[in-house]
Amino acid sequence: MRTLTLIRHAKSSWDDPQIEDFHRPLNERGFRDAPVMAQRLGNLLEATPQLVASPALRTTTTARIFAEVLGIPES
């Protein structure tokens with residue numbers, strides 16, 4: 001049986017309200033918490049997941065952090 005797990009991006013920065021939503025980066029908390037959440041998720045998974053992410057900056061950054069922690073090739 002396949003399992004679909006949906007994950008929201010890590011906390012993003014609102015320091016510059018002029019930045020378009022698509023280009024908003026992660027904030028300090030996002031960079032701190034994303035690896036922790038990836039590890040927690042990894043402890044629950046039975047198989048190596050495939051990550052699919054939006055091209056938005058905060059989403060791809062979160063996905064890259066999850067991939068690194070979970071040992072998933074970026075490709």
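The largest pocket has a volume of about 740 Å³. A pocket here is an open set of points on a 1 Å grid over the protein atoms alone, where a 1.4 Å probe fits, with protein on both sides within 12 Å along at least five of seven lines. The model is predicted: local features need pLDDT of at least 70, side-chain atom pairs need 80 or more, and totals for chains, interfaces and linings use all residues. Numbering starts from 1 along each chain, and side-chain values use heavy atoms, without hydrogens or water.

The pocket is lined by 24 residues; closest to its centre are Thr3, Leu4, Thr5, Pro49 and Gln50. Lining residues have an atom within 4 Å of a point. H2 gives the largest share of the lining, 4 residues.

Helices H1 (residues 28–44) and H2 (residues 57–70) pack at about 50 degrees, with axes 9 Å apart. H1 is therefore oblique to H2. Oblique covers angles outside under 35, 65 to 115 and over 145 degrees. Among the H1 residues that meet H2 are Phe31 and Met37; Ile65 and Phe66 are among their H2 partners. Contact means heavy atoms within 4.5 Å.

| Residue set | Nonpolar | Polar | Charged |
|---|---|---|---|
| H1–H2 contact | 10 residues | 3 residues | no residues |
| Lining of the largest pocket | 14 residues | 7 residues | 3 residues |

Notes: Axes fitted to C-alpha atoms, helices over the stretch in contact; angles between N-to-C directions. Helix = DSSP H or I, 4+ residues; strand = E, 2+ residues; numbered from the N terminus. Nonpolar A, V, L, I, M, F, W, Y, C, P; charged D, E, K, R; others polar. Points joined across faces, edges and corners; volume = space filled by probe spheres on them.
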